[in-house]
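Reader: I am in my first year and still learning to read structures like this one. Could you take me slowly through a single part of it, and say how that part sits in the whole?

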Amino acid sequence: MAIEVTIPRLGWSMEEGVFVRWLKQEGDWVAAGDQLFLLESEKATQEIEALDAGVLRLLPTSPQPGATVLVGQVIAVLTAKDEVVEQTESTLPQPATNGTNGLSSSSASASAPPIAGPAARRLARRLNVALDDVAGSGRGGRVTADDIHARAQQQSNAAASASGAGEGGAHPGPSAPGSATSPADGGRVAASPRARRAARNLGVDISQVEATGSTGRVRERDVLAAARVRGEVTAAPAGQQSPGGTPTGPDKIRRTIARRMVASHQSTAPVTLTTKVDATNLVNLRRQFQAAANAAAETLVPSITDLLARLLAVALAEHPRLNARWEEDRVVEVAEIRVGVAVDTEAGLLVPVLGDVRTMGVREIAARSKELVARARAGTLSAADLQGGTITITNLGAFGIDAFTPIINPPEAAILGVGAIRREPVFGADDRIEAREQMTLSLTFDHRVVDGAPAARFLATLRERIENAAAWLAG
């Protein structure tokens with residue numbers, strides 16, 4: 001029996017990727033673990049291994065290099081050496097239908113199961129919506145959260161109408177001609193996925209947007225035009241429109257950053273605490289590392305961020321709730337402390353993950369950090385380098401920033417912002433004024449996962465560890 005080759009999910013928020021190329025040829029024997037194809041996710045390109053063995057057989061629907069593919073999409077099959085694949089219409093992935101090719105949504109759903117990600121399926125179960133009853137509006141006919149919410153609303157309206165009819169209530173009439181809704185659509189606005197995202201982000205009521213697309217479909221440009229009328233969008237950024245005037249959107253990484261930041265804002269309950277830390281001992285310790293490296297003619301010197309990453313793990317071991325995450329309706333604590341470090345690159349912000357820093361010494365952290373930063377700026381990070389973080393450090397001290405409000409990197413529960421280290425006068429012993437190195441920490445945490453008092457206690461513990469850094473880094 002042929003084994004399907006599908007597009008894997010390379011990150012928790014990944015819904016689609018770009019197929020780069022095959023690493024095996026049609027007819028090649030593929031062993032489990034062989035590198036099969038290259039897939040570009042939101043921020044990295046990764047070699048995808050075969051999970052099973054067999055002869056690679058491409059399909060008429062197999063993607064070409066540069067094609068956008070969906071998570072879970074079947075792109076080829078693996079067969080026994082002498083097996084013949086019957087590539088009939090019923091065994092191949094079905095194209096998405098939008099009512100313009102003569103196929104109804106019911107016939108399409110009968111020939112192929114609905115395409116939906118895990119998050120959409122969980123939402124459908126929670127709202128008691130059958131996926132087979134949902135017409136996907138996403139790329140390739142994929143069922144989106146909007147589709148499920150719309151279907152749930154349709155079911156609710158139908159139930160209310162049935163109740164009203166039983167009590168002599170009136171039924172709403174059909175939609176007005178030329179509007180973007182129709183009775184067949186259950187009153188739902190016909191709109192592209194890009195238009196729906198733009199409407200959510202800009203707070204535009206999509207049902208009030210004048211549609212210019214075919215068959216009354218609302219397009220992204222319609223939403224932007226409506227927002228401009230309200231004065232919320234003044235102009236598209238330079239270079240963001242095609243010659244025909246259609247917004248093309250920012251580059252891929254910028255879109256990914258924008259989507260993740262909006263997702264963080266919408267899916268977390270962020271609270272930020274700030275505290276000032278005496279970093280004098282920390283600065284002196286780094287100078288000692290630097291002197292030792294100079295004496296040994298070495299180039300590897302741990303940075304302040306490297307030292308903080310190790311101290312962060314020490315503090316988190318005492319406050320594991322800050323190393324947890326919110327999954328569906330419960331808090332899940334993670335055993336490993338995998339620290340991500342925000343890196344500023346020409347392409348945009350990337351957050352490679354150092355690994356479980358509990359098991360790493362300072363020099364090992366410094367070496368790993370240096371490698372990841374170099375690869376981030378060279379654009380050679382793999383998807384694995386960007387996955388699995390449990391907390392993030394972002395350091396803006398080099399830019400002279402003292403305190404700021406960092407944004408949580410989902411699905412993590414917290415992010416630590418590090419400000420500039422400044423030499424300031426402080427009261428020391430016997431109320432004497434002395435110059436000390438001062439640094440501000442900004443901790444943003446998800447209030448769903450942890451309350452303010454425990455987060456404050458964690459920050460106090462971290463402050464104590466930083467102020468006596470050598471003692472806590474020695475082990």
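Author: What follows looks closely at one small sheet, and then turns to a pair of helices and two residues elsewhere in the chain. Please keep in mind throughout that this is a predicted model.

It helps to begin with the whole, where the protein chain has eleven helices and 18 strands as its secondary structure. Of the 475 residues in the chain, 38% are buried. When contacts with a separation of 6 or more are considered, 59% of them are between residues 24 or more positions apart.

The part to look at closely is an open sheet of four strands, which are arranged in the order S5-S4-S2-S7 with antiparallel pairing. Strand S5 and strand S7, the latter covering 68-70, stand at the edges of this sheet, and because each of them has a single partner strand, one side of each is left without a neighbour in the sheet. If direction is ignored, neighbouring strands here are turned by 45 degrees against each other on average.

Within the sheet, you can follow the pairing strand by strand. Strand S2, made of residues 16-22, runs antiparallel to strand S4, made of residues 35-40, and four bridges join the two. On this side of S4, Leu39 has Phe19 standing opposite. Strand S4 is also joined to strand S5, residues 45-49, by five bridges, and this pair is antiparallel as well. Two positions let you trace that second pairing by eye: Leu38 has Glu47 in S5 as its bridge partner, while Glu40 stands opposite Thr45 in S5.

Now move along the chain to a pair of helices. Two packed helices are described by the angle between their axes and the distance between the axes. Helix H8 spans residues 304-318 and helix H9 spans residues 362-378, and their axes come within 9 Å and cross at roughly 125 degrees. Angles from 65 to 115 degrees count as roughly perpendicular and those over 145 as roughly antiparallel, and H8 and H9 are therefore described as oblique to each other. The crossing in which H8 passes H9 is right-handed. Where they meet, H8 brings Asp306, Leu307, Ala309 and Arg310 against Val362, Ile365, Ala366 and Ser369 of H9. The residues of this contact comprise five nonpolar, one polar and two charged.

Two single residues complete the tour. Ile466 belongs to helix H10, residues 452-467, and it has a relative accessible area of 0%, so Ile466 counts as buried. Setting aside neighbours within four places in sequence, Ile466 is in contact with several residues, including Val277, Leu282, Leu308, Leu311 and Met439. Ile466 and Ala315 are 151 residues apart in sequence, yet from C-alpha to C-alpha they are 9.7 Å apart in space.

Thr440, in turn, has its place in strand S18, residues 433-446. The cut-off for buried is under 20% relative accessible area, and Thr440, at 14% relative accessibility, is therefore buried too. If residues up to four places away in sequence are not counted, Thr440 touches Thr274, Thr275 and Lys276, among others, and also Asp402, Ala403 and Gly417.

Definitions and conventions:
Residues are numbered from 1 along each chain as its sequence is written. This is a predicted model: local features need pLDDT of at least 70, side-chain atom pairs count only at pLDDT 80 or more; totals for chains, interfaces and linings use all residues. Side-chain values use heavy atoms; hydrogens and water are left out. Two strands pair if DSSP finds at least two bridges between them. Axes are lines fitted to C-alpha atoms, for helices over the stretch in contact, and angles run from 0 to 180 degrees between N-to-C directions. Angles under 35 degrees count as roughly parallel, over 145 as roughly antiparallel, 65 to 115 as roughly perpendicular and the rest as oblique. A crossing is left-handed if the near helix is turned anticlockwise from the far one by less than a right angle, and right-handed if clockwise. Contact means heavy atoms within 4.5 Å. Ala, Val, Leu, Ile, Met, Phe, Trp, Tyr, Cys and Pro count as nonpolar, Asp, Glu, Lys and Arg as charged, and the others, Gly among them, as polar. Buried means under 20% relative accessible area, exposed over 50%, partly exposed in between (1.4 Å probe, protein chains only).
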